[in-house]
Number of protein chains: 2
Amino acid sequence: MGFNRISVRGASGLVVVLAASLGFGCSSQPKGQLSSAPSGSVANLMKERGLSEADVSAALQTYTPTGKKDEYYTFASGGHGGNLIVIGVPSMRILKYVGVFTPEPWQGYGYGDQSNEVLAGGKRFGKTMTWGDMHHPALSETGGDYDGEFLFVNDKANPRIAVIRLHDFITTQIVASELIQTDHGATFVTPNTEYVVESSQYPAPLGGGYAPIEDYEDKYRGAAIFWKFDREKGRIDPEQSFAMELPPYMQDLADAGKLASEGWVFINSFNTEMAYGGTLEGNPPMESGASQNDMDYMHVIDLKSAEKVAAQEGKTKKIAGMKVIPLKVANEEGLLHLIPEPKSPHGVDVTPDGKELVVSGKLDTHATVYSFEKIKGLIDAKKYEGKDAYGVPILPFEDSIRGQVEIGLGPLHTQYDDKGNAYTSVFIESTVAKWSLKDLKLTGKQKVHYNVGHIVAAEGDTVSPDGRYLIAMNKWAIDRFAGVGPLVPQNFQLIGIDSEPMQLLYDMPLPLGEPHYAQMIKADKIDPINIYKPAGMNPLTEERSLDAVKAGEERIERKPDGVHVYMTAVRSHFTPDIVRVKKGETVHMHITNVEQAHDATHGFTICSYNIHSSLEPGKHVDMTFVADREGTFPFYCTEFCSALHLEMAGYLLVEPG
Amino acid sequence: MGFNRISVRGASGLVVVLAASLGFGCSSQPKGQLSSAPSGSVANLMKERGLSEADVSAALQTYTPTGKKDEYYTFASGGHGGNLIVIGVPSMRILKYVGVFTPEPWQGYGYGDQSNEVLAGGKRFGKTMTWGDMHHPALSETGGDYDGEFLFVNDKANPRIAVIRLHDFITTQIVASELIQTDHGATFVTPNTEYVVESSQYPAPLGGGYAPIEDYEDKYRGAAIFWKFDREKGRIDPEQSFAMELPPYMQDLADAGKLASEGWVFINSFNTEMAYGGTLEGNPPMESGASQNDMDYMHVIDLKSAEKVAAQEGKTKKIAGMKVIPLKVANEEGLLHLIPEPKSPHGVDVTPDGKELVVSGKLDTHATVYSFEKIKGLIDAKKYEGKDAYGVPILPFEDSIRGQVEIGLGPLHTQYDDKGNAYTSVFIESTVAKWSLKDLKLTGKQKVHYNVGHIVAAEGDTVSPDGRYLIAMNKWAIDRFAGVGPLVPQNFQLIGIDSEPMQLLYDMPLPLGEPHYAQMIKADKIDPINIYKPAGMNPLTEERSLDAVKAGEERIERKPDGVHVYMTAVRSHFTPDIVRVKKGETVHMHITNVEQAHDATHGFTICSYNIHSSLEPGKHVDMTFVADREGTFPFYCTEFCSALHLEMAGYLLVEPG
């Protein structure tokens, strides 16, 4: 671009100058300069679309051109959608919904043998659950930092824990314990992912039995389950897992200690009043009964010692198949302590150095900063201010904290950056508050839209936060987006936190599900595969299936347990493409996608048989069903794979039995 | 902003000038100027993020700041995800996934009585299908233009049609006919939405019976169903609907005539070879057997006359409960004609004036432009080049067309703009071709990434296209996005079509499902409600439910059919919050969200009972289940509604029976 000398007055003039010099189309420019020009000058675009200067800056900080990759992945829980949401940052584009607790047919998740087996792992009282209320994802950690290998997440409604493998983004395991009837303090991992923590929310008789509500204080209990994760196998090992009985308070969020506090687990709670409602029976509603006390209790658990106690003969009880440390034993062994925390706390968040814990009370205006060193000192010195009704020692509040910060009305969750700042979501006033950990001073506030729940900063709950980006996970959106009826999306707002003041960068609607917590990880920490190799792999075993099929070896075999169809899929046909069975026969489909090209995915369904599989390159799937309807049922490839995709079809012929 | 005089050299210099004058943060500026400043100057941002000038233009054409609304809604089918995708344009943010063929728990769709009733309408052979393969959405039309009231969409795998109501974005009806075993030419509506067209793809014995594949030519058939839509009731009326038997070709996409061609329906087809595969039995695979002929057939149906014939005694047969016009009658009455169309056609798209039809052959390189006037003339003159094996008259190809345009390898679908241009997707070469309808000349091509299937332009299939925006619905993304494992998202690319040349504006990953077709409608044509009024409304009947509950009238009643719980939901409690039943009792939950504030949504679940409802403001839901497990089951609000949301809970106590 050549030399220019121009004189300009005011912003719009300058914008036009920019437009011209950038070669953007601009009526005052000779036609020649338009050839390289996308439509509209910056000035015109700002005018046409009503963009402010801040909007232009935000647009350029988030827009990610074709072929360029996002810098971070954000993994958000799908709330009562039951599936995991993978989001690219800063573009805020949703990259994938991963089927976890809710069957998802595009992925064939819950419509074929392999994934049905995964879902069956989460049975409750013998029944397979077909949805979940997903709350808190936890990335696997090494040394307190995300390692990008696995992700764990909970189902609050049908308490379960799922393991998602991040090299192929699939759910590989679901475990459930009937010890508890809901969870909420889940999932949180220890710094090297030895344990995945799941603690209950609404107390109930341990193991799922019946007890009159009037026996609440006697017979209802909370519990924390410590699921042992075997990284080698990539699986949770229920046999090596154990739990601890807790008082019938409503345990809420939790966090695992790190560095200075490694080996400890912190779980806060509300309803230490032990209210259980009964509005039609003359009691106050739960939320007022549960909001009487000015202080509730944080649970401080010595996990390292608990692990040793759980390993000893006679120290645990088996309840619903789970090894449980009774409260009595926990007290005798000094495994559990309580500390008062301000009114109806929600989040407890360990600082990056592991030395402190920040707790916020929903009905308080402060963030309270606890010192782990002080807590440890009080525990070692057995300096108690008393015990609760269940004999759990209570540490004095004033001696446990370093101080408090006045935040605003309804503080909930805290995240951290790389400069010693903490960020706390403030639900009632709809802001994100920024404050200095060092001197406990509020330094800024960013308005959000509206009613922010959790927030997530880049690696903001690890030992080494990145700063840069923070997402406010707003519960209400109201007027932010084009209307889609009474059920309104949530609103994720991306905020730049390296600038001073914070800068609102992007509003992102959540089209499906209500995320609670999320974690944001550097993209280069995740190393996904593109194909399954060798062809014929069963993703769950990561080995070639014994029923895998090679091109040329396709066949149909009748065995005592039914008809076995060994089928290959390749652009653009299934072999065999005609399958003849008799009504009532059990059909075992064994299908291998023999392709090894990135994105050469096929899908398989048989019309009206309610089965479906996604066949990524090299993947092998099995599907079993009874041919219980006589007739002529087309099957076809459901994933547009080639110019002759529609011809990739065949027939299941079910002859009269 | 004050007066500046500056001299600048080159683009980056100018950009910094802009940055400074816009008050963007810029190291050379005095701190004072930073206060109002978002982070980074435009120049720095372009450099940091590797943005080109075209990228800046694209970013500013798509970025939609907080509180600003998108200009268009795009409704995309969810493919084998089975749910409808609502996208805002130009931001390309997904606003909602609407539950349609696949249960969706966030919306409570398929987890309560009302929506279970909707899903039951789509039973196949007595079984409720729990997923669908959604292909082609059709917005309701008035005078050939979108009216924004309803949307219809099909399930190819378990042939069904769904009705989605756009004032609250919910599925209100699903209908299924066992006449056909798959569909693909669905859904397409007549210009005033009198009929919703659903035609079959893979031939089978009509009605779902068995017939040997060797009897394919004799016993297998296609069919087109014309579902009558009652706009007053907002429902399809199966009693007033009828079908037409078609030859056992593989009917593909369809379109309804408009203006000049109103009252006619066009359905193309491939596999006029009537191949049915049989690779293990010595036959060629389907896709080669089906690709022998150089020409296949377009079906031209005189719907207005067919409607009259269907109303006459003795002219139709009932098959699987559907009134069907047999091929013989269709021939006798002159309701059906065939016209040759180039090799393995896919899309048939009527021009905005209704005077012409554009057909593209997957194995051809042309777009072929048929003249309806010529077709009508040939039919009136009975000028046939012969009849097919089923006695259907064939019109001469050369006399039916105005001409052809050389497009490229693998043309599929065509859309239109407001300036007389047509746009055709070219699958194999991964481009969108722009050509002039008037003189049939190719005028431009836009590369896309990769393997584009359908395309959608703003109101691009109506009588009055808008131009402006076009979305290339690319089947493969390969390297476009941060990796998410072997199952890769689709890639929607937004293209500006008012500029010359076309401009690529945005790459959008599809996180869930594989969309096929989409339609883009002006946002101001849709008028969504924010709440259900009066409180207690059953959205399906749009009337206050007889079981609706008012505050103060909550109660639990025992009736012969079980325990009826009349419950209200309001921030932050359910009343009643304790429900006592005996094991084995049937429980009928009747829950009204008595709130009338926008976005004041609650959710309701009972742990481990696998039920869930979304309770938008004013909505009433019913849930019925058997209390088959003795125990203590918490219930709670699943939608974060207030600071005391977690306290919005209660207990279902199932006492021993």
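In chain A of this predicted model, 60% of the contacts between residues at least 6 apart in sequence join residues that are at least 24 apart. The chain holds 10 helices and 46 strands. Its radius of gyration is 28 Å, close to the 26 Å that the globule rule gives for 657 residues, so chain A is as compact as a globular protein of that length. The C-alpha trace of chain A spans about 90 × 75 × 50 Å along its principal axes. Of the 657 residues in chain A, 69% are buried, while the surface that chain A exposes amounts to about 19300 Å², with carbon and sulfur atoms supplying 51% of that area.

One of the sheets in chain A is open and consists of 5 strands in the order E40-E46-E45-E42-E43, with mixed pairing. Strand E40 (578-582) and strand E43 (611-615) of chain A stand at the edges with a single partner strand each, so that one side of each is left without a neighbour in the sheet. On average, and with direction ignored, neighbouring strands of this sheet are turned by 15° against each other. Within the same order, strand E42 (residues 602-606) and strand E45 (residues 631-637) of chain A pair in the antiparallel sense over 3 bridges, and A:Phe604 has A:Cys637 in E45(A) as its bridge partner.

In chain B, an open sheet is formed by 4 strands in the order E20-E21-E22-E25, and the pairing is antiparallel. Its edge strands are E20 (345-350) and E25 of chain B, each of which pairs on one side only. Neighbouring strands of this sheet are turned by 20° against each other on average, direction ignored. Strand E21 (residues 356-361) of chain B is joined to E22(B) by 5 bridges, and the two run antiparallel; a hairpin of 4 residues connects E21(B) to E22(B). Along this pairing, B:Glu356 stands opposite B:Ser371 in E22(B), and B:Ser360 has B:Ala367 in E22(B) as its bridge partner. E22(B) also pairs with strand E25 (residues 401-406) of chain B, in the antiparallel sense and over 5 bridges, with B:Thr368 placed opposite B:Gln404 in E25(B). Strand E22 (residues 366-371) of chain B is mostly covered, since 5 of its 6 residues are buried. Helix H9 (residues 372-380) of chain B lies across E21, E22 and E25 of chain B and runs at about 55° to E22(B).

The aromatic side chains were examined next. A pair of aromatic rings is described by the distance of the centres and the angle of the planes. Over all chains, the count comes to 53 aromatic pairs. One of them is formed by A:Phe125 and B:Phe633, which are arranged edge-to-face at 6.0 Å centre to centre with 80° between the planes. A:Phe125 lies in the loop between helix H4 (113-120) and strand E5 (138-142) of chain A, whereas B:Phe633 lies in strand E45 (residues 631-637) of chain B, so the pair joins two chains. With a relative accessibility of 22%, A:Phe125 counts as partly exposed, whereas B:Phe633, at 1% relative accessibility, counts as buried. A second edge-to-face pair, formed by B:Phe574 and B:Phe604, has its centres 5.3 Å apart and 85° between the planes. B:Phe574 lies in strand E39 (residues 573-575) of chain B and B:Phe604 in strand E42 (residues 602-606) of chain B, so this pair ties together parts that are 30 residues apart in sequence. Both rings belong to buried residues, with a relative accessible area of 1% for B:Phe574 and a relative accessibility of 0% for B:Phe604. Furthermore, A:Phe125 and B:Phe633 form one aromatic cluster together with B:Tyr609 and B:Phe625.

Contacts between the two chains also involve B:Glu647, which lies in the loop between E45 and strand E46 (649-655) of chain B and touches residues of chain A, including A:Phe270, A:Met286 and A:Glu287. Further contacts of B:Glu647, not counting residues up to four places away in sequence, are made with A:Ala290, A:Ser344, A:Lys362 and B:Ser572. B:Glu647 has a relative accessible area of 0% and is therefore buried.

How values were computed:
Residues numbered from 1 in each chain as written. Chains lettered and ligands numbered in written order. Predicted model: local features only at pLDDT ≥ 70, side-chain atom pairs only at ≥ 80, totals over all residues. Heavy atoms only, no water. Pairing = 2+ DSSP bridges. Axes fitted to C-alpha atoms, helices over the stretch in contact; angles between N-to-C directions. Buried < 20%, exposed > 50% of the residue type's maximum accessible area, 1.4 Å probe, protein only. Rg over C-alpha atoms; globule rule 2.2 N^0.38 Å. Contact = heavy atoms within 4.5 Å. Areas by Shrake-Rupley, 256 points an atom, 1.4 Å probe, with all protein chains shown as cover. Phe/Tyr/Trp six-rings, centres within 6.5 Å; stacked < 30°, edge-to-face > 60°.
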